[in-house]
Amino acid sequence: MIAAGVARETPVAIYLDRSAELAVAMLAVLKAGGAYVPLDPIYPPARIHAIVSEADVKIALTSATLEEGIKAAIPVCIGIGEPCAESAEEQLPPLPRVRPTDLAYRIFTSGSTGRPKGIDIEHRSVVNLLTAMRQSPGISAADVFLAVTTPCFDIAALEIFLPLTAGAELAIASRADVMDPFSLAALITRTSTTMMQATPALWRILLEARLNPKGLKVLCGGEALDQKLAQDLGSGELWNMYGPTETTIWSLAERQDGGAIDFGPPIANTGMYILDAAGNTAAIGVAGELCIAGAGLARGYIKSAHPAKLRGKFVF
């Protein structure tokens with residue numbers, strides 16, 4: 001990548017299926033100083049071209065089997081798993097010294113509320129999240145974390161990086177396993193998974209596939225957690241997670257004890273403010289905007305002169 005021109009903050013597309021190579025590619029881009037831009041091979045060509053153009057991507061990491069689907073959009077494709085041209089004796093280019101304020105990844109929202117927005121996340125924000133998550137919900141070297149999320153969904157970064165920071169085992173579910181709930185439930189058992197993150201929708205499907213969550217640390221986020229699902233997952237250690245992409249994956253995390261569903265406190269170095277229309281702190285019980293501040297806040301939206309501004313209406 002460095003020989004191909006990747007330097008600090010160079011956007012590099014990752015066009016790979018869920019596999020060990022995916023984790024290697026993400027780490028390699030960061031090591032080279034670049035910012036990875038995840039692309040899902042199941043995306044239609046129009047969406048891929050739109051993301052590549054918006055994110056200003058000129059280089060991609062892919063595989064020989066997938067290269068055909070991306071080479072029309074990106075001029076330089078580097079194959080994962082292909083032998084390097086350099087000999088063992090050849091001097092390799094020095095790695096850049098990456099700063100906390102450099103970009104780690106450039107990711108796009110789903111576009112469910114309009115045109116997808118590209119968001120720039122810095123290394124310091126990712127490190128803050130991983131450090132906080134190691135403490136609460138917590139992870140140790142004895143854990144097995146099963147990654148099930150497409151890399152185009154920002155929570156995939158937590159699945160890949162968190163177990164590696166703790167010396168835990170990372171298991172990566174294939175697309176086929178994720179698409180078949182019975183296969184995924186069997187994989188959880190076969191790999192002795194102790195920790196997994198998913199949306200409420202996926203957890204419901206897994207329960208219908210006779211998953212027994214006992215002994216499993218369940219991270220549930222991306223959608224609202226309802227009381228019935230919380231009860232059904234109650235034999236495991238259930239955590240309710242919340243956070244928009246613009247604040248680096250999760251901003252709130254709380255273990256559920258069987259009572260009312262609770263957001264819980266902010267994670268480390270994160271502030272929550274409920275503000276009224278005038279920008280003042282809203283009174284208790286009055287509807288306002290949830291504004292999030294702190295180390296997780298994105299640098300901003302791609303090609304925007306304004307910092308990320310989060311807007312979500314909640315009643316407390």
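**Strand order, helix faces and local geometry in a predicted model**

Six strands form an open sheet in the order E8-E7-E9-E10-E11-E12, with mixed pairing. The edges of this sheet are taken by strand E8 (169-172) and strand E12 (252-255); each has a single partner strand, so one side of each is left without a neighbour in the sheet. From one strand to the next, the twist averages 20 degrees. The structure described here is a predicted model.

Within this sheet, strand E10 (residues 217-220) pairs with strand E11 (residues 237-242) in the parallel sense, over four bridges. Val218 stands opposite Leu238 of E11 in this pairing.

Strand E11 also contributes to an aromatic contact. Two aromatic pairs are found when the whole structure is searched. One of them is formed by Tyr242 and Phe263, whose ring centres lie 5.0 Å apart with an angle of 50 degrees between the planes, a tilted arrangement. Distant parts of the chain are linked by this pair: Tyr242 belongs to strand E11, whereas Phe263, 21 residues apart from it, lies in the loop between E12 and strand E13 (270-275). Phe263 counts as partly exposed, because its relative accessibility is 26% and the partly exposed class lies between 20% and 50%.

A further set of strand pairings involves strand E3 (residues 59-62), which is covered on both faces. Ile59 and Leu61 are buried on one side of E3, and Ala60 and Thr62 are buried on the other. In a regular strand, the side chains alternate between the two faces of the sheet. Strand E1 (residues 11-15) runs parallel to E3 and is joined to it by three bridges, with Leu61 of E3 as the bridge partner of Ile14. E3 also pairs with strand E4 (residues 76-79), again in the parallel sense, over four bridges. In the pairing with E4, Thr62 stands opposite Gly79.

Two helices show a division between buried and exposed residues. Helix H1 (residues 20-31) comprises 12 residues and reaches 17 Å from its first C-alpha to its last, close to the 16 Å expected at 1.5 Å a residue. Its buried residues are Leu22, Ala23, Ala25, Met26, Val29 and Leu30. Viewed down the axis of H1, these buried residues fall within an arc of 160 degrees, so they line one face of the helix. Ala20 and Lys31 are exposed on the other side of H1. Just after this helix, Gly33 adopts a positive phi of about 95 degrees.

In helix H6 (residues 181-190), the buried residues include Leu184, Ala185, Leu187 and Ile188. The buried residues of H6 occupy an arc of 155 degrees when seen down the helix axis, and therefore line one face of the helix. Thr189 and Arg190 are exposed on the other side of H6.

Helix H4 (residues 155-166) contains Ile160. Ile160 is buried, with a relative accessible area of 4%. The C-alpha atoms of Ile160 and Ala147 are 6.8 Å apart in space, while the two residues are 13 apart in sequence.

Several local features occur around the loops and helices. Pro44 is located in the loop between strand E2 (35-39) and helix H2 (45-55) and counts as partly exposed, at 47% relative accessibility. A distance of 9.7 Å separates the C-alpha atoms of Pro44 and Gly69, which are 25 residues apart along the chain. Arg47 lies over the face of Tyr43, at 4.7 Å from the ring centre.

Asp56, in the loop between H2 and E3, has a phi near 60 degrees, a positive value in a residue other than glycine. At 42% relative accessibility, Asp56 counts as partly exposed. A positive phi is also found at Arg210, near 70 degrees, again in a residue other than glycine. Arg210 lies in the loop between helix H7 (200-208) and E10 and is exposed, with a relative accessible area of 69%.

Finally, the peptide bond joining Ser136 and Pro137 is cis, with omega about 15 degrees. Pro137 has its place in helix H3 (residues 123-138).

Terms used
Residues numbered from 1 in each chain as written. Predicted model: local features only at pLDDT ≥ 70, side-chain atom pairs only at ≥ 80, totals over all residues. Heavy atoms only, no water. Pairing = 2+ DSSP bridges. Axes fitted to C-alpha atoms, helices over the stretch in contact; angles between N-to-C directions. Phe/Tyr/Trp six-rings, centres within 6.5 Å; stacked < 30°, edge-to-face > 60°. Buried < 20%, exposed > 50% of the residue type's maximum accessible area, 1.4 Å probe, protein only. Lys NZ or Arg CZ within 6 Å of the ring centre and 35° of its normal. Expected span 1.5 Å × (residues − 1). Arc of directions from axis to C-beta.
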